[in-house]
Amino acid sequence: MPPASIYEQIHRFANRADPYTLYRELRETPVARQEDGSYVVSTYAEIVALLHDPRVSSDRRKLSQPPADEKLPPSFIAIDPPEHDRIRRLTMRHFGPPHAPRTVENLRGELLTLVTDLIDGISDRTRADIVEDVAYPFPVSVICRLLGVPRKDEPKFHGWAQEIVETIGPGEGDEAERNQRRQAARMALAQYLGELGRERRANPGDDILSGLVTYEGPEGKLTEVEVMTTATLLLIAGHETTVNLITNGMLTLLRNPELLDRLRNEPDLVIHTVEELLRFEPPVHFLPQRVALDDIVIGDVTIPRGSSIVLALASGSRDPRHLCDPDRFDPDRPYIQHLGFGGGIHACFGAPLARLEAQVALRELANRLVNPRLVADPPPYRPSSILRGPEHLVIEYDRVLPAADR
Amino acid sequence: MYDTDPDDAQRERVLQAAAACPVQAIHIDRMATQHRTRDPELAHPTTVGDEEFKRGGRIVIVGASLAGGRAAGVLRRDGFAGTLTLIGDEPYPPYDRPPLSKQVLMGKVAPQRTVLPRLREIDVEWLAGTPATRLDIAAKQVVLADGRQIGFDKVLIATGARARPWPRPDEAALDGVHVLRTLEDADRMRQRLTAGVNRVLVIGAGFTGSEVASVCLDLGLPVTVVEAGPAPLIGALGKVIGQIAADMQRAAGVDLRCDVTVSALEGDANGRLTGARLSDGSTVEADMAVVALGAVRNVEWLEGSGLAAGPWGVAADAGCRAVDINGLVTDDVFVAGDIARFPHPVFHYEFMSLEHWGNAVAQAEVAAHNMISDQAHRWPHLSLPVFWSNQFGTNIKSVGVPSIADEVVITQGSVEERRFVAVYGYRGRITAAVTFDQAMWLDFYRSQIEQAAPFPPDFRMVGGPDQLRPVPAEVRQRIAAAQGATVVVTGHDPAERRASFVRPPQ
């Protein structure tokens, strides 16, 4: 056995709390060939170029050694134009511009109510788990409301969603077995959402799922399977990533308490705080799924056609050639450019919602918790190195201030 | 949304949008005040320029639009602490022109809301509403129309261009005939469009004409577009893509007439426009006409200055230093924006003037930097031309120079859906790319142009056809760089030899 590569070490659970030291080593070889023939790209400029490079596919079926066909086809995050563009457009028209430009903005009041209620819920004690008490239930409620999934079904879909997230990309345990678990969970979740979609078709509401099953325009409409894969993607992405953004945010603020003070006095600061978080402690660390459709030359490395490409987003956002002092958390940076939402045609679909959720949650937590502090640093982490975040974030505080007038 | 001066309610949304903008194209408070480069040596060079000049020199910028305003900001950002004078013939601070043919005509943005942000906070002596009439390089003075003489150590020429007027003044004076270049033009046009119009005649189907036609349709007004060439946008994009634009216009409902010119504009006894006679013998009834025949560079005030200035603009080197009539590069006279004509190394050192927003910004930055830097630290203006247009619900973007191409090929997307990438080549190298609703790929093609990548592209791509089929681009015959520039050379001794313009007979 050759010694573990840096990339392999990153995926070891023991390195979950601090992968950044390893990212620094990773960046010494901006395009690093792995034992299995895949290429890990870890520097900012090179990642940005590949995100916008039409020679890079997101469809694993185009690998020189493609995976076995899954029963359920990939969702739009894992396919290419023109199919990707059509499905994403048919989905976006129910969520954002140009057809639904105010969807996210109109949620602002509702988001604040949700967060306020959750923080009210921990006001009778002096100890809470940010994950269990705020960062998880908040985005779940939001995505349920937006997508049109009954909140009471959360126990049902939570297990599937977690199984899918924990088995994305490399991890500990047998690859084939992980793959099988992921497929089974994805199928179960898709069938659940497909069933829900059929109900919506008969009885549509103002939610995205109803839009997906009922809309038909000049470009046609989504097939039943496309509705299933799309709704599955939105449900998972809609909360499994935002929980990490909010939790990572609170963790970072508690490690920089002067920022907590500033947030109380400078309401606008939360905007750049969340951007800097997306750079400094992003929820998504890797895009492990890209494929070179042709030979791609980067510096003195040629990525051969058919190779797997891994984009190390979280490493790129801390590339010292991209910005000064990358390992310092500093919302006052003049330009915060990050890879927190990826980029190119697959740039995060839900980015405006994630931003607003994190801003509302962090601003309220900063405003209302009196003297909050970490109980354990580092906190325990979830298994995934791809979608990385704490399993729990237990904090103590003196008391909770009442919510400001709304 | 287009808002240069948001109220408090809008402020958070703007901050949010700016923070979210992946290319930081939205410059909020930071306009021209901070470098984005992380290299402190590049951001704040330590050994540049004449320190005394930076502390107490006099810089005059003639032209108070995008390029002039941006240069002023950059000069202050990079430590110029001397006297800075900005001369403009319009009574407004620098404002933004692209929205004039879009949001302003639509009525979504008031014309006065296009004023570019933040210039007022830069310490500038601002001489508005008075045009410059003469540049005296020997005496280092700019002379204004009211006789004032403004002395300088260094001067930046950024007087840009104006709309080319309808050639016959009596017809141009008819009530209902418009041009679109300035804030006041847009204001007048907007008022006319809302006052009730039966049909709008657009003369010229370049970008401005096409955008105006698009807005008219959006406002529910019938439009006839008359284009002398065989298709819209042909000057910039060539006939192949122009044909696609023609289909797009017709599908949207434009009465588009190509290969036709307007022979005469006609009016009634009260001097109101009633219509036009066309070169094919047909007529158009219209109570409003928009003359969109391109721009004329504002060089008249430079007559006698000794610079190589004429209808082609002001010749400059790639570092924005003006070239005089003898072809000598000047030390203290700089040029930026629409009026500059400079050699671009990426495009065979061809002298080009680029009437694009992005060029004005980039070139102004280079000019400003070079004005306060010594020769070891000067920058070349090497940015690739980029422009965009929104028309008929489609976003068109371009990088590089399509008009020098000999071939064009669709590399991605679908022409039928009007979502595609067209790549232009010249002698086997990629020279430009144009996208219709596919702007996300533009950066890739920009790097292809910068690397002089082979044409046609020979790689597999997402959303690409099975086989690439390049066709002749059919760009218009290129116009010689300095058309009409005739000089005579006199003197025998090298110390005596000089060039001077031959004036065409009046």
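Chain A has 16 helices and 12 strands. Chain B has 11 helices and 31 strands. This is a predicted model. The points below cover the chains, the nonpolar cores, some helices of chain A, and the backbone exceptions.

**Chain A overall**
- Chain A has a radius of gyration of 21 Å, which agrees with the value near 22 Å for a compact globule of 406 residues.
- Along the principal axes, its C-alpha atoms fill a box of roughly 60 × 55 × 40 Å.
- Of the 406 residues in chain A, 48% are buried.
- Take the contacts in chain A between residues at least 6 apart in sequence: 71% of them join residues at least 24 apart.

**Chain B overall**
- Chain B has 506 residues, and 43% of them count as buried.
- Among its contacts with a separation of 6 or more, 64% come from residues 24 or more positions apart.

**Nonpolar cores**
- The largest nonpolar core has 111 residues.
- The residues with the most contacts inside this core are A:Val41, A:Leu147, A:Leu235, A:Ile309, A:Leu311, A:Ala312 and A:Leu362.
- Leaving aside residues up to four places away in sequence, A:Val41 touches A:Pro30, A:Val31, A:Glu46, A:Ile47 and A:Leu50, and also A:Ile309, A:Val310, A:Leu311 and A:Ala312.
- A second, separate core has 77 residues, including B:Ala186, B:Val215, B:Val401 and B:Val434.

**Helix α7 of chain A**
- Helix α7 of chain A spans residues 137-147. Nine of its 11 residues are buried, so the helix is largely enclosed by the rest of the structure.
- The buried residues of α7(A) are A:Pro137, A:Phe138, A:Pro139, A:Val140, A:Val142, A:Ile143, A:Cys144, A:Leu146 and A:Leu147.
- A:Leu147 of this helix is also listed among the residues with the most contacts inside the largest core.
- A:Gly148 follows α7(A) and has a positive phi, near 90 degrees.

**Helices α12 and α14 of chain A**
- Helix α12 (residues 242-255) and helix α14 (residues 269-280) of chain A cross at roughly 100 degrees, and their axes come within 10 Å.
- At that angle, α12(A) is roughly perpendicular to α14(A).
- On the α12(A) side, A:Leu245, A:Asn248, A:Gly249 and A:Thr252 make the contact. On the α14(A) side, A:Val274, A:Leu277 and A:Phe280 do so.
- By class, this contact between α12(A) and α14(A) has four nonpolar residues, three polar residues and no charged ones.

**Cis peptide bonds in chain A**
- Most peptide bonds are trans, and most residues other than glycine have a negative phi.
- The bond from A:Pro81 to A:Pro82 is cis, with omega near 0 degrees. A:Pro82 sits in the loop between β3 (56-57) and α4 (83-92) of chain A.
- The bond from A:Pro97 to A:Pro98 is cis, again with omega near 0 degrees. A:Pro98 is in the loop between α4 and α5 (108-120) of chain A.

**Positive phi in chain B**
- B:His348 is not a glycine, but its phi is positive, near 60 degrees. B:His348 lies in the loop between β22 (340-344) and β23 (350-352) of chain B.
- B:His348 counts as partly exposed, because it has 13 C-beta neighbours inside 10 Å.
- B:Phe392, also not a glycine, has a positive phi of about 55 degrees. B:Phe392 lies in the loop between β24 (386-391) and β25 (394-400) of chain B.
- B:Phe392 is buried, because 20 other C-beta atoms lie within 10 Å.

Conventions
Residues are numbered from 1 along each chain as its sequence is written. Chains are lettered from A and ligands numbered from 1 in the order in which they are written. This is a predicted model: local features need pLDDT of at least 70, side-chain atom pairs count only at pLDDT 80 or more; totals for chains, interfaces and linings use all residues. Helices (H or I, at least four residues) and strands (E, at least two) are DSSP runs, numbered from the N terminus. A residue is buried if 20 or more other C-beta atoms lie within 10 Å of its own, exposed if 12 or fewer, and partly exposed in between; C-beta atoms are placed from the backbone. Two residues are in contact if their C-beta atoms, placed from the backbone, lie within 7 Å. Axes are lines fitted to C-alpha atoms, for helices over the stretch in contact, and angles run from 0 to 180 degrees between N-to-C directions. Angles under 35 degrees count as roughly parallel, over 145 as roughly antiparallel, 65 to 115 as roughly perpendicular and the rest as oblique. Ala, Val, Leu, Ile, Met, Phe, Trp, Tyr, Cys and Pro count as nonpolar, Asp, Glu, Lys and Arg as charged, and the others, Gly among them, as polar. A nonpolar core is a set of buried Ala, Val, Leu, Ile, Met, Phe, Trp, Tyr and Cys residues joined through C-beta atoms within 7 Å. The radius of gyration is taken over C-alpha atoms; the globule rule is 2.2 Å times the number of residues to the power 0.38.
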